[in-house]
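Student: Could you take me through one part of this model up close? I'd like to see how a few of the helices are built and how they meet.

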Amino acid sequence: MKGRKKLIVNVVFLVLIFSFTFYGLLKEEELSDLIKSLELAKIGYLILGLVFVVIFVCSESVIIHYMMRSLKRETSFGSCIKYSFIGFFFSCITPSASGGQPAQIYYMKKDGIDIPTSSLVLMIVTIGYKLVLVVIGAFLLLFQQKLLHQYMTPISNFFLYLGMILNVIGIGGLLFLVLKPSFVKAMLLWIQKLLVKLHIMKNISEKVMDSMEQYHETARFFQTHLKVMMRVFYLSVFQRVCLFYVTYLVYRSFGLHGVSAYTIVMLQAVISLSVDMLPLPGGMGASESLYMILFASIFGKTFLLPSMILSRGISYYALLLISAIVTAYAHLTIGRVARRRMELERRYED
């Protein structure tokens with residue numbers, strides 16, 4: 001019940017931000033003119049954009065499946081696809097995408113994947129996901145000042161630097177947890193001892209100790225397998241580019257040309273980097289505002305708002321809807337499998 005209430009609160013919060021965001025964008029626009037502009041978009045490019053969004057999600061599934069196989073954990077690719085859509089659904093509806101990984105860990109546990117393994121795998125997925133943004137941001141700041149000066153404003157510059165700082169801090173914290181598992185183990189042990197002294201716990205659970213040891217072993221594996229980590233990074237680059245490319249497909253759908261895919265992908269990366277760590281579901285509100293600033297000269301007054309609606313509609317709102325459907329299906333199927341497993345275990349014990 002507590003989980004359901006939290007979900008309802010997050011959805012209501014999402015709807016409110018959505019309402020305020022689009023009210024602010026549409027209040028001075030003629031709806032009939034907007035509809036006419038949207039009708040000019042070629043449907044083929046938009047369908048291709050949806051395909052790229054699905055590839056974007058499934059790319060994470062490839063990463064999870066690859067790491068599980070590296071750890072000799074038997075997990076089907078179909079299950080990994082479900083975990084990815086579940087993660088993106090809860091990331092889309094929670095501030096700073098904070099609900100994605102806990103939900104994935106919960107459903108992985110139902111599928112028999114231990115929490116230490118799933119936690120570390122998803123932590124490394126997140127590190128790769130965020131590191132791509134930081135690397136792109138650093139590349140733009142060091143070597144693409146001309147591009148930034150052409151499209152950026154003082155406001156967008158502020159959010160870019162803020163995003164860089166917050167993501168670097170976030171990645172640093174996650175790397176510390178991966179590279180220093182002994183610290184995590186010592187910290188959890190200290191917390192448990194404190195709880196025992198306060199009579200909140202009776203004793204230190206052997207199960208928890210085994211989990212900490214498993215976490216330590218899994219972390220050691222990733223520390224000593226650099227090739228695995230590099231492949232995760234390359235797959236994360238491909239994953240990110242697939243999502244950023246959607247805006248270029250929207251650009252082409254209006255019959256526009258003259259601006260390269262590289263420029264549009266880089267500007268979309270700037271938006272993602274700027275809003276990634278903000279306490280807003282999917283960066284909603286901030287993403288739309290930055291889009292209207294960075295792409296103003298590229299789409300022009302006629303197509304700026306329609307392009308934003310289509311770009312965000314495909315890369316965020318359509319993803320949210322697809323993820324919600326897959327999450328509902330996964331909730332029913334994973335729960336059923338978990339119940340069957342428990343029944344079999346009971347019969348075996350009897």
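Tutor: Here's a walk through one helix pair, then a few single spots elsewhere. Keep in mind that this is a predicted model.

Let's start with α12 (residues 261-275) and α13 (residues 286-294), which pack at an angle of about 145° with their axes 10 Å apart. The crossing is right-handed. On the α12 side, the residues that meet α13 are Leu267, Gln268, Val270, Ile271, Ser274 and Val275, and their partners in α13 are Ala286, Ser287, Leu290, Tyr291 and Leu294. Sorted by class, that contact has eight nonpolar residues, three polar ones and no charged ones.

Now for α14 (residues 296-349), where you'll find Ser323. Ser323 has a relative accessible area of 0%, so it counts as buried, the cut-off being under 20%. What does its side chain reach? The side chain of Ser323 gets to the backbone oxygen of Leu319, at 2.7 Å. Setting aside neighbours within four places in sequence, Ser323 is in contact with Phe85, Phe88 and Phe89.

Lys72 is another story: this residue sits in the loop between α3 (43-70) and α4 (77-93), and it is exposed, at 69% relative accessible area. Lys72 also has a positive phi of about 65° despite not being a glycine. For context, most residues other than glycine have a negative phi.

Last stop, α8 (residues 154-179): at 1.5 Å a residue, its 26 residues should span 38 Å, and the end C-alpha atoms are 37 Å apart, which agrees. Its buried residues include Leu160, Met164, Ile171, Leu174 and Val178.

Conventions:
Residues numbered from 1 in each chain as written. Predicted model: local features only at pLDDT ≥ 70, side-chain atom pairs only at ≥ 80, totals over all residues. Heavy atoms only, no water. Axes fitted to C-alpha atoms, helices over the stretch in contact; angles between N-to-C directions. Helix = DSSP H or I, 4+ residues; strand = E, 2+ residues; numbered from the N terminus. Left-handed = near helix turned anticlockwise from the far one by under 90°. Contact = heavy atoms within 4.5 Å. Nonpolar A, V, L, I, M, F, W, Y, C, P; charged D, E, K, R; others polar. Expected span 1.5 Å × (residues − 1). Buried < 20%, exposed > 50% of the residue type's maximum accessible area, 1.4 Å probe, protein only. Polar contact = N/O pair within 3.5 Å; in protein donor to acceptor, adjacent residues only side chain to side chain.
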